[in-house]
Amino acid sequence: MLPQTETSGDRVARLERRLQRERRAREEAEWLLEAKSLELYNANSHLTALANDLEMRVLDRTHELEVSRQQALFLAERDPLTTLANRVSFARDLDAAIRTAQAHGGSVQLLFADLDRFKEINDTYGHAVGDAVLLEVASRLSTICRGTEMAGRLGGDEFGVICITPVESERARQIATEIMEAMSKPIDCGRLQLIVSCSVGFANFPRDASDSPTLQRFADVALYHSKSSGRSTWTEFDDTMAAELHSRQGLEVELRAAVAAGEIEPWYQPIISAESNRIVGVEALARWQHAERGLILPGLFIPLAEESSLIVELGRAMIDRCCQEIHPLIRDGRLDYVSINLSPRHLRSPSVVEQVLKILARHDFPPSALQLEITESLLLFDFEQAEQRLSQFRTRGVRIALDDFGAGYSSLSYIRRLPLDVIKIDRSFARDISDDRQSEAVVKAIVQLAQALDLQIVAEGIETESQAERMTSCGCSIQQGYLFGRPMPLNELMRHLKAKGS
Ligand SMILES: [Mg+2]
């Protein structure tokens with residue numbers, strides 16, 4: 001059916017209603033749009049703020065990370081106390097300098113400087129003062145260096161300077177002289193003023209050495225020369241040192257073999273009692289009977305052994321052999337004891353007490369018939385540790401003697417604090433006692449001190465009757481020296497004892 005025909009009035013009304021509906025819908029849509037845009041705007045501002053904040057935080061963190069990376073790099077390359085180059089970066093810079101010189105010519109001079117007896121400063125005044133000294137030394141070294149020259153702290157009280165020159169030069173000598181001058185001025189440490197001397201050694205690339213390890217070794221050899229020629233001086237490496245080094249290295253190889261083969265043998269020097277005129281003990285001294293070089297004295301090979309762990313092996317072998325050889329004489333009452341020198345390095349070996357006690361047990365050797373001689377130089381390393389080990393020996397009955405007393409630092413606090421039984425007065429007193437009243441007074445004072453501390457006293461280096469008499473009159477009746485016998489091999493000692501009626 002067809003719809004009824006719409007009137008024009010109806011049509012207008014319908015269109016108006018539709019218009020109104022559409023207007024409302026549009027208004028609603030506009031309102032909604034506005035609300036949504038506002039919401040979006042708000043959200044957007046918040047996000048922007050968040051993003052800005054985040055960006056700031058990322059920047060801050062990146063900066064922090066960069067600072068700590070720089071610090072880590074600095075610490076990895078620098079000595080934390082002095083801020084000089086540390087050993088690692090010093091060695092790397094030296095290698096780089098040598099590579100450059102190899103490629104483009106020029107010369108590299110390497111100086112090693114080492115403070116003399118720095119350990120004493122630490123021991124006497126404490127580590128804070130020691131550190132202040134190191135800081136001042138570092139600062140003086142830095143002042144001396146110019147241009148591309150570089151100073152480093154290689155450890156403890158060891159310093160190095162790298163000096164690069166386009167052609168071979170005298171600059172290293174100049175630096176060495178300047179170091180000596182700089183160190184001769186006292187160092188202020190609060191209320192203290194300390195004088196610190198130092199030894200310097202240096203070598204040249206390419207004149208002396210053709211690579212970095214050799215250059216370092218040669219500079220070290222030169223430094224060693226300065227140290228052994230009385231310290232507080234500088235030494236330039238030269239060919240004679242290279243030859244010496246070569247021969248030392250050869251000797252070291254032979255010494256190692258000799259120790260292993262038992263070719264180092266103890267010789268025995270009598271120690272007598274002036275009261276009973278009897279040989280009470282013997283000091284064992286190492287002798288090396290070399291097939292080609294003849295008899296080598298300990299002054300030559302002991303320092304060599306001391307530079308390596310060989311001294312521990314040599315010391316052990318000596319104690320073992322002495323205990324074995326002397327045991328029958330102790331058992332039969334012909335001798336009271338054997339006295340053996342114990343090197344500082346051997347005493348520092350952690351197993352030394354256990355090792356010696358094992359040897360005694362193996363030979364059934366009475367601990368009270370063993371005397372170990374130590375020197376004052378040993379006490380400069382680690383007093384506490386030395387004291388502890390010596391006490392362990394004494395608890396087991398082994399006697400401890402302080403050798404060469406009066407020759408070195410002779411700190412009286414040492415002899416008071418150390419667990420000692422015997423003091424051996426240095427041979428220089430015997431030499432001077434005949435014609436020097438002061439020497440006699442000092443010996444009397446040492447004897448009194450020893451008596452007060454309940455220590456036995458032995459005079460060394462007695463060569464004449466008059467020295468023996470004077471020492472006895474000072475109260476020192478246990479004596480040792482050429483007057484009573486030189487160091488001798490075991491069979492000779494047996495004959496000597498027999499001749500003396502013991
Ligand atoms: Mg000795």
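These exercises walk through a predicted model, one part at a time.

**Exercise 1. Domains**

Find how the chain is divided, and how far apart the C-alpha centres of the parts lie.

Solution.
- Step 1. The chain splits into domain 1, residues 87-237, and domain 2, residues 249-499.
- Step 2. Between the C-alpha centres of domain 1 and domain 2 there are 37 Å.

**Exercise 2. The five-stranded sheet**

Work out the strand order of the open sheet of five strands, and say which strands stand at the edges.

Solution.
- Step 1. Read the order across the sheet: β2-β3-β1-β6-β7. The pairing is mixed.
- Step 2. Look at the ends. β2 (150-155) and β7 (234-236) each have a single partner strand, so one side of each is left without a neighbour in the sheet.
- Step 3. Add the twist. From one strand to the next it averages 20 degrees.
- Step 4. Take one pair from the middle of the order. Strand β1 (residues 107-115) pairs with strand β3 (residues 158-165) over eight bridges, in the antiparallel sense.
- Step 5. Check a position. Leucine 111 faces valine 161, which is in β3.

**Exercise 3. Helices beside the sheet**

Identify the strands that helix α2 lies across, then describe the surroundings of serine 212.

Solution.
- Step 1. Helix α2 covers residues 87-104. It lies across β1, β2, β3 and β6 (198-205).
- Step 2. The angle between helix α2 and β3 is about 20 degrees.
- Step 3. Serine 212 belongs to helix α6, residues 212-228.
- Step 4. Is serine 212 buried or exposed? Its relative accessible area is 7%, and buried means under 20%, so serine 212 is buried.
- Step 5. Leaving out residues up to four places away in sequence, serine 212 touches Leu94, Asp95 and Ile98.

**Exercise 4. Salt bridges**

Count the salt bridges in the whole structure, then trace three of them to the parts they link.

Solution.
- Step 1. The search finds 34 salt bridges.
- Step 2. Start with lysine 227 and aspartate 116. Their closest N and O atoms are 2.9 Å apart. Lysine 227 sits in helix α6 and aspartate 116 in the loop between β1 and α3 (118-125), so the pair ties together parts 111 residues apart in sequence.
- Step 3. Compare their accessibility. Lysine 227 is partly exposed at 21%. Aspartate 116 is buried at 9%.
- Step 4. Move to arginine 173 and glutamate 236. Their side chains meet in a salt bridge of 2.8 Å, N to O. Arginine 173 is in helix α5 (residues 171-184) and glutamate 236 in strand β7, 63 residues apart.
- Step 5. Arginine 173 counts as partly exposed at 32%, and glutamate 236 as buried at 15%.
- Step 6. Finish with aspartate 320 and arginine 362, whose closest N and O atoms are 2.5 Å apart. Aspartate 320 lies in helix α9 (residues 310-331) and arginine 362 in helix α11 (residues 352-363), so this pair ties together parts 42 residues apart in sequence.
- Step 7. Aspartate 320 is buried at 17% relative accessibility, whereas arginine 362 is exposed at 53%.
- Step 8. Look for shared partners. Glu170, Arg173, Arg207, Asp208 and Glu236 are joined into one network of salt bridges.

**Exercise 5. The magnesium site**

List the residues that coordinate the magnesium ion, and place two of them in their strands.

Solution.
- Step 1. The donors are Glu283 (OE), Asn341 (OD1), Glu373 (OE) and Asp403 (OD), at 2.1 to 2.4 Å.
- Step 2. Along the chain, their spacing reads E-x57-N-x31-E-x29-D.
- Step 3. Asparagine 341 lies in strand β11 (residues 337-341) and aspartate 403 in strand β13 (residues 399-405), so the pair ties together parts 62 residues apart in sequence.
- Step 4. Asparagine 341 is partly exposed, with a relative accessible area of 32%. Aspartate 403 is buried, at 6%.

**Exercise 6. Around strand β11**

Find out how covered β11 is, and how β9 and β12 pair with it.

Solution.
- Step 1. Four of the five residues of β11 are buried, so the strand is mostly covered.
- Step 2. Strand β9 (residues 278-290) pairs with β11 in the parallel sense over four bridges. The bridge partner of glutamate 283 in β11 is serine 339.
- Step 3. β11 also runs parallel to strand β12 (residues 370-374), again with four bridges. There, serine 339 has glutamine 371 as its bridge partner.

How values were computed. Residues are numbered from 1 along each chain as its sequence is written. This is a predicted model: local features need pLDDT of at least 70, side-chain atom pairs count only at pLDDT 80 or more; totals for chains, interfaces and linings use all residues. Side-chain values use heavy atoms; hydrogens and water are left out. Donors are N, O and S atoms within 2.8 Å of the metal (3.2 Å for Na, K and Ca); water is not among the atoms, so sites may look incomplete. Helices (H or I, at least four residues) and strands (E, at least two) are DSSP runs, numbered from the N terminus. Buried means under 20% relative accessible area, exposed over 50%, partly exposed in between (1.4 Å probe, protein chains only). Domain bounds come from an automatic or database domain assignment. Two strands pair if DSSP finds at least two bridges between them. Axes are lines fitted to C-alpha atoms, for helices over the stretch in contact, and angles run from 0 to 180 degrees between N-to-C directions. Contact means heavy atoms within 4.5 Å. A salt bridge is a side-chain nitrogen of Lys or Arg within 4 Å of a carboxyl oxygen of Asp or Glu.
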